[in-house]
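Got the viewer open? Let's take a walk through the structure, one selection at a time.

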Amino acid sequence: MPQPHVYRTEAIVLRQRPLVDADKVCVLFTPLHGRIEAVAKGVRRTRSHLAGHVEPLTRSRFLLAKARSLDIITQAETIDAFPALHDDLDRLSRGLYAAELVDRFTDSAADGTRLYQHLLDTLHRVETADSPDLPLRWFEMRLLDDQGYRPQLQQCVRCESPLRPDGNAFSVPAGGVACPECRTGLIGRPLSGRAFKLLRFLQTAPYEQSAQVRIDAGLGRELEGHLRGAVELALDQEVRAARFVEVVRSTSADVHNGKRAAAPFVERRAQGED
Amino acid sequence: MNDPARPTGASAVTAIPLARLIEAFHRLPGIGPKSAQRLAYHVLRAPQSEAQELADALLDVKQRIRLCGLCQNLTETDPCGVCLDPARDPSIVCVVEEPLDVLAVERAAAFRGRYHVLHGHLSPMDGIGPEQIKVQELLARLGAPSPSDTAAASALIEEVILATNPNLEGEATAAYLARLLVPLGVRVSRIAHGLPIGSDVEYADERTLHQAMEHRVPLGDADGNRISVSAPPAAAAEESDRSAQPTP
(Lines give C-alpha, C1' and ligand atoms only; values in the text may rest on other atoms or scores of the structure.)
Protein backbone atom coordinates (compact mmCIF):
# COMPACT_ATOMS: atom_id res chain seq x y z
CA MET A 1 0.00 0.00 0.00
CA PRO A 2 1.47 3.40 -0.89
CA GLN A 3 2.50 5.62 2.01
CA PRO A 4 0.41 8.80 2.37
CA HIS A 5 2.19 11.96 1.27
CA VAL A 6 1.00 13.99 4.23
CA TYR A 7 0.53 13.08 7.86
CA ARG A 8 -0.74 14.76 10.99
CA THR A 9 0.95 14.78 14.33
CA GLU A 10 1.09 16.67 17.54
CA ALA A 11 4.57 17.72 18.64
CA ILE A 12 6.63 19.82 21.00
CA VAL A 13 9.17 21.95 19.13
CA LEU A 14 12.54 21.23 20.72
CA ARG A 15 14.73 23.58 18.74
CA GLN A 16 15.28 25.33 15.42
CA ARG A 17 18.24 25.99 13.20
CA PRO A 18 18.50 28.25 10.16
CA LEU A 19 18.37 26.64 6.72
CA VAL A 20 18.46 28.85 3.64
CA ASP A 21 16.87 32.27 3.12
CA ALA A 22 13.91 32.57 5.46
CA ASP A 23 13.56 28.81 6.09
CA LYS A 24 14.38 26.98 9.29
CA VAL A 25 14.71 23.35 10.29
CA CYS A 26 12.53 22.54 13.29
CA VAL A 27 13.28 19.61 15.55
CA LEU A 28 9.92 18.20 16.65
CA PHE A 29 9.32 15.62 19.33
CA THR A 30 6.19 13.63 18.64
CA PRO A 31 4.44 10.94 20.67
CA LEU A 32 4.28 8.37 17.85
CA HIS A 33 7.15 9.16 15.48
CA GLY A 34 9.78 10.20 18.02
CA ARG A 35 12.12 12.98 16.94
CA ILE A 36 11.45 14.50 13.52
CA GLU A 37 13.40 17.18 11.69
CA ALA A 38 11.17 19.18 9.36
CA VAL A 39 11.49 22.32 7.27
CA ALA A 40 9.39 25.36 8.16
CA LYS A 41 9.43 27.52 5.06
CA GLY A 42 9.59 31.29 5.24
CA VAL A 43 9.33 31.49 9.02
CA ARG A 44 11.87 34.29 9.33
CA ARG A 45 9.57 36.59 7.40
CA THR A 46 7.35 38.84 9.52
CA ARG A 47 4.24 37.80 7.60
CA SER A 48 4.82 34.08 8.03
CA HIS A 49 1.71 32.22 9.18
CA LEU A 50 3.82 29.43 10.63
CA ALA A 51 6.43 31.32 12.66
CA GLY A 52 4.61 31.62 15.97
CA HIS A 53 3.42 28.02 15.88
CA VAL A 54 6.88 26.52 15.39
CA GLU A 55 8.80 28.44 18.06
CA PRO A 56 10.86 26.20 20.35
CA LEU A 57 9.02 25.07 23.50
CA THR A 58 5.63 25.29 21.81
CA ARG A 59 3.21 22.38 21.57
CA SER A 60 1.41 22.42 18.23
CA ARG A 61 -0.64 20.29 15.84
CA PHE A 62 1.22 19.78 12.57
CA LEU A 63 0.43 18.72 9.03
CA LEU A 64 3.64 17.49 7.44
CA ALA A 65 4.37 16.58 3.84
CA LYS A 66 6.81 13.78 3.17
CA ALA A 67 9.82 14.83 1.15
CA ARG A 68 13.00 13.14 -0.02
CA SER A 69 15.20 14.29 2.85
CA LEU A 70 13.44 16.47 5.41
CA ASP A 71 9.65 16.56 5.70
CA ILE A 72 7.98 19.93 5.19
CA ILE A 73 5.63 21.61 7.66
CA THR A 74 2.62 22.67 5.65
CA GLN A 75 0.31 23.70 8.50
CA ALA A 76 0.68 24.26 12.21
CA GLU A 77 -1.64 25.31 15.00
CA THR A 78 -0.56 26.03 18.56
CA ILE A 79 -2.06 23.86 21.29
CA ASP A 80 -0.01 25.26 24.14
CA ALA A 81 2.41 28.16 23.90
CA PHE A 82 3.62 27.89 27.54
CA PRO A 83 3.45 31.69 27.96
CA ALA A 84 4.64 31.72 31.58
CA LEU A 85 7.66 29.66 30.55
CA HIS A 86 8.61 32.04 27.75
CA ASP A 87 8.09 35.17 29.84
CA ASP A 88 10.38 34.18 32.72
CA LEU A 89 14.09 33.75 32.03
CA ASP A 90 14.60 31.36 34.98
CA ARG A 91 11.81 29.07 33.83
CA LEU A 92 12.80 29.40 30.18
CA SER A 93 16.36 28.24 30.91
CA ARG A 94 14.99 25.13 32.65
CA GLY A 95 12.56 24.45 29.81
CA LEU A 96 15.42 24.61 27.31
CA TYR A 97 17.43 22.22 29.46
CA ALA A 98 14.58 19.68 29.39
CA ALA A 99 14.20 20.13 25.62
CA GLU A 100 17.92 19.60 25.05
CA LEU A 101 17.85 16.39 27.07
CA VAL A 102 15.06 15.00 24.90
CA ASP A 103 16.75 16.24 21.73
CA ARG A 104 19.97 14.44 22.58
CA PHE A 105 18.52 11.27 24.06
CA THR A 106 15.98 10.47 21.37
CA ASP A 107 16.15 9.50 17.73
CA SER A 108 13.68 9.25 14.88
CA ALA A 109 11.11 6.53 14.35
CA ALA A 110 11.09 5.66 18.05
CA ASP A 111 7.87 5.45 20.01
CA GLY A 112 8.14 8.36 22.38
CA THR A 113 4.68 8.32 23.95
CA ARG A 114 5.83 7.98 27.56
CA LEU A 115 8.73 10.42 27.21
CA TYR A 116 6.49 12.86 25.35
CA GLN A 117 4.05 12.86 28.25
CA HIS A 118 6.92 13.30 30.73
CA LEU A 119 8.30 16.25 28.74
CA LEU A 120 4.87 17.85 28.44
CA ASP A 121 4.21 17.45 32.16
CA THR A 122 7.68 18.79 32.97
CA LEU A 123 7.20 21.91 30.84
CA HIS A 124 3.87 22.58 32.57
CA ARG A 125 5.49 22.05 35.98
CA VAL A 126 8.49 24.24 35.18
CA GLU A 127 5.97 26.87 34.11
CA THR A 128 4.06 26.81 37.38
CA ALA A 129 6.20 25.29 40.17
CA ASP A 130 7.57 27.50 42.94
CA SER A 131 11.03 26.19 42.15
CA PRO A 132 11.53 25.22 38.49
CA ASP A 133 14.44 22.92 39.43
CA LEU A 134 12.54 20.11 41.14
CA PRO A 135 10.50 19.19 38.01
CA LEU A 136 13.82 18.89 36.15
CA ARG A 137 15.29 16.50 38.72
CA TRP A 138 12.15 14.35 38.53
CA PHE A 139 12.33 14.46 34.73
CA GLU A 140 16.02 13.48 34.70
CA MET A 141 15.20 10.48 36.87
CA ARG A 142 12.37 9.37 34.50
CA LEU A 143 14.58 9.96 31.46
CA LEU A 144 17.39 7.83 32.88
CA ASP A 145 14.82 5.12 33.65
CA ASP A 146 13.33 5.24 30.16
CA GLN A 147 16.69 5.11 28.44
CA GLY A 148 17.95 2.18 30.49
CA TYR A 149 20.32 4.11 32.79
CA ARG A 150 18.34 3.82 36.03
CA PRO A 151 20.78 4.55 38.88
CA GLN A 152 21.11 1.80 41.46
CA LEU A 153 19.91 3.32 44.73
CA GLN A 154 18.72 0.26 46.63
CA GLN A 155 21.91 -1.78 47.03
CA CYS A 156 25.61 -1.07 46.79
CA VAL A 157 26.84 -1.11 43.20
CA ARG A 158 29.89 -3.14 44.29
CA CYS A 159 29.01 -5.54 47.15
CA GLU A 160 25.22 -5.51 46.53
CA SER A 161 24.45 -5.11 50.22
CA PRO A 162 21.36 -3.02 51.10
CA LEU A 163 22.25 0.65 51.45
CA ARG A 164 21.93 2.72 54.62
CA PRO A 165 21.51 6.49 54.27
CA ASP A 166 24.85 7.80 55.54
CA GLY A 167 28.45 7.65 54.40
CA ASN A 168 27.70 6.62 50.80
CA ALA A 169 29.12 7.92 47.54
CA PHE A 170 27.32 8.42 44.25
CA SER A 171 29.45 6.90 41.53
CA VAL A 172 28.23 7.84 38.08
CA PRO A 173 30.57 5.44 36.20
CA ALA A 174 29.58 2.55 38.52
CA GLY A 175 25.90 3.29 37.88
CA GLY A 176 24.70 4.24 41.34
CA VAL A 177 25.49 4.39 45.03
CA ALA A 178 28.41 2.67 46.76
CA CYS A 179 28.29 1.86 50.47
CA PRO A 180 30.84 3.33 52.96
CA GLU A 181 32.92 0.14 52.85
CA CYS A 182 33.09 -0.03 49.03
CA ARG A 183 33.33 3.64 48.08
CA THR A 184 37.12 3.76 48.39
CA GLY A 185 38.71 3.45 45.00
CA LEU A 186 35.51 4.22 43.12
CA ILE A 187 35.20 7.41 41.09
CA GLY A 188 32.36 9.25 42.76
CA ARG A 189 31.25 12.06 44.99
CA PRO A 190 30.09 11.90 48.61
CA LEU A 191 26.34 11.55 48.90
CA SER A 192 24.66 13.12 51.92
CA GLY A 193 21.98 11.18 53.76
CA ARG A 194 19.31 13.71 52.79
CA ALA A 195 20.27 13.60 49.13
CA PHE A 196 20.31 9.79 49.20
CA LYS A 197 16.78 9.64 50.64
CA LEU A 198 15.52 12.23 48.19
CA LEU A 199 17.05 10.48 45.18
CA ARG A 200 15.32 7.24 46.22
CA PHE A 201 12.08 9.11 46.70
CA LEU A 202 12.33 10.82 43.30
CA GLN A 203 13.01 7.48 41.66
CA THR A 204 9.81 5.87 42.88
CA ALA A 205 7.34 8.57 43.93
CA PRO A 206 4.94 10.35 41.58
CA TYR A 207 5.75 14.01 40.96
CA GLU A 208 2.86 15.27 43.06
CA GLN A 209 4.38 13.63 46.15
CA SER A 210 7.91 14.71 45.27
CA ALA A 211 6.72 18.29 44.94
CA GLN A 212 5.70 18.29 48.61
CA VAL A 213 9.33 17.89 49.73
CA ARG A 214 11.05 21.06 50.92
CA ILE A 215 14.48 21.31 49.30
CA ASP A 216 16.99 23.96 50.37
CA ALA A 217 19.53 25.44 47.97
CA GLY A 218 22.43 23.23 49.14
CA LEU A 219 20.46 20.00 48.79
CA GLY A 220 19.13 21.16 45.43
CA ARG A 221 22.66 21.75 44.12
CA GLU A 222 23.84 18.37 45.40
CA LEU A 223 20.98 16.56 43.67
CA GLU A 224 21.58 18.53 40.50
CA GLY A 225 25.28 17.60 40.50
CA HIS A 226 24.62 13.87 40.91
CA LEU A 227 21.81 13.64 38.37
CA ARG A 228 23.49 15.85 35.77
CA GLY A 229 26.59 13.71 36.10
CA ALA A 230 24.48 10.60 35.44
CA VAL A 231 22.74 12.22 32.46
CA GLU A 232 25.97 13.47 30.90
CA LEU A 233 27.65 10.10 31.32
CA ALA A 234 24.69 8.42 29.63
CA LEU A 235 24.86 10.95 26.78
CA ASP A 236 28.65 10.91 26.72
CA GLN A 237 28.53 14.66 26.20
CA GLU A 238 27.87 17.89 28.02
CA VAL A 239 24.33 19.27 28.23
CA ARG A 240 24.97 22.75 26.86
CA ALA A 241 21.84 24.37 28.25
CA ALA A 242 23.11 23.52 31.76
CA ARG A 243 25.66 26.30 31.40
CA PHE A 244 22.85 28.72 30.54
CA VAL A 245 20.92 27.60 33.63
CA GLU A 246 24.03 28.49 35.67
CA VAL A 247 24.39 31.90 33.99
CA VAL A 248 20.72 32.73 34.55
CA ARG A 249 20.88 31.48 38.13
CA SER A 250 23.87 33.72 38.86
CA THR A 251 22.14 36.81 37.45
CA SER A 252 18.97 35.88 39.32
CA ALA A 253 20.90 35.64 42.61
CA ASP A 254 22.61 38.94 41.87
CA VAL A 255 19.32 40.66 41.15
CA HIS A 256 17.77 39.32 44.34
CA ASN A 257 20.81 40.19 46.44
CA GLY A 258 21.21 43.58 44.78
CA LYS A 259 24.78 42.46 44.12
CA ARG A 260 25.25 44.00 40.68
CA ALA A 261 27.66 46.88 40.84
CA ALA A 262 24.97 49.47 40.31
CA ALA A 263 26.05 51.89 43.00
CA PRO A 264 29.30 53.18 41.47
CA PHE A 265 27.58 53.55 38.13
CA VAL A 266 24.66 55.45 39.58
CA GLU A 267 27.13 57.69 41.44
CA ARG A 268 29.08 58.29 38.25
CA ARG A 269 25.89 59.14 36.40
CA ALA A 270 24.90 61.53 39.17
CA GLN A 271 28.30 63.21 38.96
CA GLY A 272 27.95 63.43 35.18
CA GLU A 273 24.54 65.00 35.53
CA ASP A 274 25.90 67.53 38.04
CA MET B 1 43.49 -1.05 -13.71
CA ASN B 2 42.40 2.28 -12.18
CA ASP B 3 44.92 4.33 -10.23
CA PRO B 4 43.22 5.06 -6.86
CA ALA B 5 45.15 8.34 -6.53
CA ARG B 6 43.68 9.74 -9.78
CA PRO B 7 40.37 11.59 -9.55
CA THR B 8 37.49 9.94 -11.35
CA GLY B 9 34.17 11.11 -12.79
CA ALA B 10 33.40 14.84 -13.00
CA SER B 11 36.39 15.84 -10.87
CA ALA B 12 38.71 14.13 -13.33
CA VAL B 13 37.60 16.37 -16.22
CA THR B 14 37.56 19.62 -14.20
CA ALA B 15 40.80 21.56 -14.17
CA ILE B 16 42.21 22.02 -10.68
CA PRO B 17 41.85 25.86 -10.52
CA LEU B 18 38.24 25.58 -11.64
CA ALA B 19 37.55 22.82 -9.12
CA ARG B 20 39.05 25.04 -6.40
CA LEU B 21 36.77 27.91 -7.37
CA ILE B 22 33.71 25.62 -7.40
CA GLU B 23 34.70 24.33 -3.97
CA ALA B 24 35.16 27.90 -2.69
CA PHE B 25 31.68 28.95 -3.89
CA HIS B 26 30.19 25.76 -2.47
CA ARG B 27 31.42 26.78 0.99
CA LEU B 28 29.26 29.93 0.90
CA PRO B 29 25.94 29.74 2.77
CA GLY B 30 22.98 28.77 0.61
CA ILE B 31 25.13 27.72 -2.36
CA GLY B 32 24.69 24.11 -3.41
CA PRO B 33 27.02 22.18 -5.74
CA LYS B 34 25.08 23.09 -8.91
CA SER B 35 24.93 26.79 -8.04
CA ALA B 36 28.65 26.71 -7.22
CA GLN B 37 29.36 25.24 -10.66
CA ARG B 38 27.21 27.87 -12.39
CA LEU B 39 28.93 30.73 -10.52
CA ALA B 40 32.39 29.34 -11.25
CA TYR B 41 31.66 28.99 -14.97
CA HIS B 42 30.17 32.48 -14.98
CA VAL B 43 33.41 33.87 -13.52
CA LEU B 44 35.40 31.86 -16.06
CA ARG B 45 33.44 33.28 -18.99
CA ALA B 46 33.38 36.85 -17.64
CA PRO B 47 35.96 39.42 -18.82
CA GLN B 48 39.25 39.56 -16.92
CA SER B 49 38.32 42.98 -15.48
CA GLU B 50 35.11 41.64 -13.93
CA ALA B 51 36.92 38.73 -12.29
CA GLN B 52 39.61 41.11 -11.04
CA GLU B 53 36.93 43.41 -9.60
CA LEU B 54 35.35 40.47 -7.73
CA ALA B 55 38.72 39.33 -6.37
CA ASP B 56 39.64 42.89 -5.31
CA ALA B 57 36.26 43.36 -3.60
CA LEU B 58 36.69 40.11 -1.68
CA LEU B 59 40.17 41.02 -0.46
CA ASP B 60 39.17 44.63 0.23
CA VAL B 61 36.28 43.65 2.47
CA LYS B 62 38.51 41.33 4.48
CA GLN B 63 41.33 43.86 4.82
CA ARG B 64 39.41 47.08 5.45
CA ILE B 65 36.25 46.16 7.29
CA ARG B 66 36.52 45.89 11.08
CA LEU B 67 34.33 46.36 14.12
CA CYS B 68 33.57 49.81 15.48
CA GLY B 69 35.14 49.95 18.93
CA LEU B 70 32.00 51.56 20.28
CA CYS B 71 28.91 50.02 18.67
CA GLN B 72 30.59 46.85 17.31
CA ASN B 73 29.02 47.39 13.90
CA LEU B 74 31.03 46.64 10.76
CA THR B 75 32.87 49.74 9.63
CA GLU B 76 35.79 51.03 7.66
CA THR B 77 36.63 53.73 10.20
CA ASP B 78 36.69 53.41 13.98
CA PRO B 79 34.47 54.85 15.44
CA CYS B 80 31.94 54.34 12.68
CA GLY B 81 29.96 57.06 10.91
CA VAL B 82 26.86 56.55 13.05
CA CYS B 83 28.78 56.85 16.32
CA LEU B 84 30.53 60.02 15.08
CA ASP B 85 27.39 61.64 13.65
CA PRO B 86 26.62 64.68 15.87
CA ALA B 87 23.03 64.68 14.62
CA ARG B 88 22.31 61.36 16.32
CA ASP B 89 21.15 61.19 19.91
CA PRO B 90 23.94 59.55 21.95
CA SER B 91 21.72 59.05 24.99
CA ILE B 92 19.67 56.29 23.33
CA VAL B 93 21.20 53.02 22.22
CA CYS B 94 19.37 50.41 20.17
CA VAL B 95 20.71 46.89 20.74
CA VAL B 96 20.39 44.58 17.73
CA GLU B 97 21.61 41.07 16.98
CA GLU B 98 23.32 41.52 13.61
CA PRO B 99 24.75 44.31 11.43
CA LEU B 100 21.94 43.65 8.93
CA ASP B 101 19.45 44.60 11.65
CA VAL B 102 21.04 48.06 11.79
CA LEU B 103 20.31 48.46 8.08
CA ALA B 104 16.70 47.34 8.62
CA VAL B 105 16.14 49.85 11.44
CA GLU B 106 17.82 52.59 9.41
CA ARG B 107 15.53 51.84 6.45
CA ALA B 108 12.53 52.46 8.71
CA ALA B 109 13.98 55.91 9.57
CA ALA B 110 12.27 55.72 12.96
CA PHE B 111 15.35 55.84 15.17
CA ARG B 112 17.92 58.62 15.51
CA GLY B 113 20.05 57.27 18.34
CA ARG B 114 23.06 54.99 18.24
CA TYR B 115 23.39 51.22 18.01
CA HIS B 116 25.04 48.30 19.68
CA VAL B 117 25.48 45.12 17.63
CA LEU B 118 25.68 41.89 19.64
CA HIS B 119 26.79 39.72 16.71
CA GLY B 120 24.45 36.93 17.69
CA HIS B 121 22.02 35.94 20.38
CA LEU B 122 22.05 33.61 23.34
CA SER B 123 21.51 30.07 22.10
CA PRO B 124 21.74 27.76 25.11
CA MET B 125 21.43 24.51 23.16
CA ASP B 126 24.23 25.55 20.79
CA GLY B 127 26.46 26.53 23.69
CA ILE B 128 26.34 30.25 22.83
CA GLY B 129 26.37 32.20 26.06
CA PRO B 130 26.99 35.85 26.96
CA GLU B 131 30.76 35.43 26.46
CA GLN B 132 30.29 34.56 22.80
CA ILE B 133 28.39 37.75 21.94
CA LYS B 134 29.18 41.43 22.56
CA VAL B 135 27.55 41.73 25.98
CA GLN B 136 30.67 42.82 27.86
CA GLU B 137 31.24 45.57 25.30
CA LEU B 138 27.71 46.86 25.93
CA LEU B 139 28.22 46.84 29.68
CA ALA B 140 31.54 48.63 29.25
CA ARG B 141 29.80 51.24 27.13
CA LEU B 142 27.28 51.84 29.87
CA GLY B 143 29.61 51.63 32.81
CA ALA B 144 33.05 52.69 31.76
CA PRO B 145 33.55 54.36 28.39
CA SER B 146 37.09 54.12 27.12
CA PRO B 147 39.20 57.32 27.13
CA SER B 148 39.13 57.40 23.33
CA ASP B 149 35.35 57.35 23.34
CA THR B 150 34.97 61.07 23.77
CA ALA B 151 31.52 61.19 22.25
CA ALA B 152 30.16 58.60 24.67
CA ALA B 153 32.02 60.08 27.63
CA SER B 154 30.51 63.46 27.03
CA ALA B 155 26.96 62.23 26.89
CA LEU B 156 25.82 59.34 29.05
CA ILE B 157 23.42 56.71 27.81
CA GLU B 158 19.97 57.17 29.30
CA GLU B 159 17.95 54.53 27.46
CA VAL B 160 18.72 51.16 25.94
CA ILE B 161 16.19 49.79 23.46
CA LEU B 162 16.41 46.02 23.15
CA ALA B 163 15.63 45.24 19.51
CA THR B 164 16.64 41.59 19.39
CA ASN B 165 14.45 39.29 17.32
CA PRO B 166 11.03 38.45 18.79
CA ASN B 167 11.75 34.72 18.84
CA LEU B 168 12.80 32.45 21.68
CA GLU B 169 16.53 33.21 21.49
CA GLY B 170 15.99 36.92 20.93
CA GLU B 171 13.57 37.12 23.86
CA ALA B 172 15.99 35.19 26.09
CA THR B 173 18.78 37.58 25.07
CA ALA B 174 16.61 40.62 25.79
CA ALA B 175 15.50 39.23 29.15
CA TYR B 176 19.10 38.46 30.10
CA LEU B 177 20.31 41.93 29.06
CA ALA B 178 17.45 43.57 30.98
CA ARG B 179 18.62 41.75 34.11
CA LEU B 180 22.09 43.16 33.67
CA LEU B 181 21.10 46.67 32.60
CA VAL B 182 18.22 47.59 34.92
CA PRO B 183 20.39 47.64 38.08
CA LEU B 184 22.75 50.05 36.29
CA GLY B 185 20.15 52.79 36.55
CA VAL B 186 19.48 53.10 32.83
CA ARG B 187 16.00 53.02 31.26
CA VAL B 188 15.56 49.73 29.42
CA SER B 189 12.83 49.20 26.84
CA ARG B 190 11.86 46.41 24.46
CA ILE B 191 10.59 46.97 20.93
CA ALA B 192 6.82 46.42 20.70
CA HIS B 193 5.32 43.06 19.84
CA GLY B 194 2.21 42.48 17.81
CA LEU B 195 0.80 41.81 14.38
CA PRO B 196 2.85 42.82 11.35
CA ILE B 197 1.27 45.33 8.93
CA GLY B 198 -0.61 43.52 6.18
CA SER B 199 -1.11 40.27 8.10
CA ASP B 200 -4.35 38.50 9.09
CA VAL B 201 -5.59 38.13 12.67
CA GLU B 202 -7.02 34.74 11.68
CA TYR B 203 -3.57 33.29 11.09
CA ALA B 204 -1.84 34.87 14.09
CA ASP B 205 -0.60 32.55 16.79
CA GLU B 206 -1.77 32.86 20.39
CA ARG B 207 1.38 34.43 21.76
CA THR B 208 1.47 37.14 19.11
CA LEU B 209 -2.19 37.96 19.70
CA HIS B 210 -1.62 37.95 23.44
CA GLN B 211 1.26 40.40 23.04
CA ALA B 212 -0.74 42.51 20.60
CA MET B 213 -3.56 42.79 23.14
CA GLU B 214 -1.13 43.59 25.95
CA HIS B 215 0.59 46.33 23.97
CA ARG B 216 -2.52 47.76 22.34
CA VAL B 217 -2.58 51.45 21.45
CA PRO B 218 -5.48 53.65 22.66
CA LEU B 219 -7.29 55.64 20.00
CA GLY B 220 -9.68 57.48 22.29
CA ASP B 221 -10.51 57.89 25.95
CA ALA B 222 -13.73 57.49 27.93
CA ASP B 223 -14.41 61.23 27.72
CA GLY B 224 -14.71 61.09 23.97
CA ASN B 225 -11.26 62.56 23.31
CA ARG B 226 -9.39 61.17 20.35
CA ILE B 227 -5.78 60.11 20.85
CA SER B 228 -3.51 60.60 17.88
CA VAL B 229 -2.55 57.28 16.28
CA SER B 230 0.73 58.77 15.11
CA ALA B 231 1.77 59.59 18.69
CA PRO B 232 4.41 57.21 20.05
CA PRO B 233 2.68 54.34 21.93
CA ALA B 234 4.42 55.23 25.20
CA ALA B 235 3.15 58.79 24.97
CA ALA B 236 -0.31 57.56 23.98
CA ALA B 237 -0.37 55.17 26.94
CA GLU B 238 0.65 57.96 29.30
CA GLU B 239 -2.06 60.13 27.82
CA SER B 240 -4.57 57.34 28.32
CA ASP B 241 -3.39 56.82 31.93
CA ARG B 242 -3.74 60.50 32.65
CA SER B 243 -7.22 60.58 31.22
CA ALA B 244 -8.17 57.49 33.26
CA GLN B 245 -7.29 59.28 36.52
CA PRO B 246 -10.14 61.11 38.26
CA THR B 247 -9.99 64.85 37.91
CA PRO B 248 -9.41 66.67 41.23
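Here is a tour with stops in chain A, at the contact between the chains, and in chain B. Keep in mind that this is a predicted model.

**Stop 1: a hairpin in chain A**

Select residues 24-30 and 34-40 of chain A, which are strands β2 and β3. How many residues sit between β2(A) and β3(A) in their hairpin? Three residues link the two strands of this hairpin. The strands pair in the antiparallel sense, over seven bridges. To see one spot along the pair, pick A:Lys24 and look across to A:Ala40 in β3(A).

Now add residues 71-80 of chain A, strand β5. β3(A) pairs with β5(A) too, but in the parallel sense and over two bridges. Click on A:Val39 and you'll find its bridge partner, A:Ile72, in β5(A).

**Stop 2: two helices side by side**

Next, select α2 (residues 89-105) and α4 (residues 133-146) of chain A. Their axes come within 10 Å and cross at roughly 10°. An angle under 35 degrees counts as roughly parallel, so that's what we call α2(A) and α4(A).

Show the side chains where they meet: A:Arg94, A:Tyr97, A:Ala98, A:Leu101 and A:Phe105 from α2(A), facing A:Asp133, A:Leu136, A:Phe139 and A:Leu143 from α4(A). Sorted by class, this contact has seven nonpolar and two charged residues, with no polar ones.

**Stop 3: where the chains touch**

Bring both chains into view. Chain A puts 33 residues into the contact, and chain B puts in 31. Which elements of chain A give two or more residues to the side that touches chain B? Those are α1 (83-86), α2, α8 (240-257) and α9 (262-273). α8(A) gives the most, with seven residues. On chain A's side, the classes are 15 nonpolar, nine polar and nine charged residues.

**Stop 4: the sheet in chain B**

Hide chain A and look for an open sheet of four strands in chain B, in the order β4-β3-β5-β6, with parallel pairing. The edge strands are β4 (113-117) and β6 (187-190), each pairing on one side only. On average, neighbouring strands are turned by 25° against each other, direction ignored.

Now zoom in on β3 (residues 89-96) and β5 (residues 159-162) of chain B, which share four bridges. Here B:Val93 stands opposite B:Val160 in β5(B).

Finally, add two helices. α6 (residues 99-108) of chain B lies across β3 and β4, running at about 125° to β3(B). α9 (residues 168-181) of chain B packs on the sheet too, touching β3, β5 and β6, and its direction makes about 165° with that of β5(B).

Methods: Residues are numbered from 1 along each chain as its sequence is written. Chains are lettered from A and ligands numbered from 1 in the order in which they are written. This is a predicted model: local features need pLDDT of at least 70, side-chain atom pairs count only at pLDDT 80 or more; totals for chains, interfaces and linings use all residues. Axes are lines fitted to C-alpha atoms, for helices over the stretch in contact, and angles run from 0 to 180 degrees between N-to-C directions. Angles under 35 degrees count as roughly parallel, over 145 as roughly antiparallel, 65 to 115 as roughly perpendicular and the rest as oblique. Two residues are in contact if their C-beta atoms, placed from the backbone, lie within 7 Å. Ala, Val, Leu, Ile, Met, Phe, Trp, Tyr, Cys and Pro count as nonpolar, Asp, Glu, Lys and Arg as charged, and the others, Gly among them, as polar. Two strands pair if DSSP finds at least two bridges between them.
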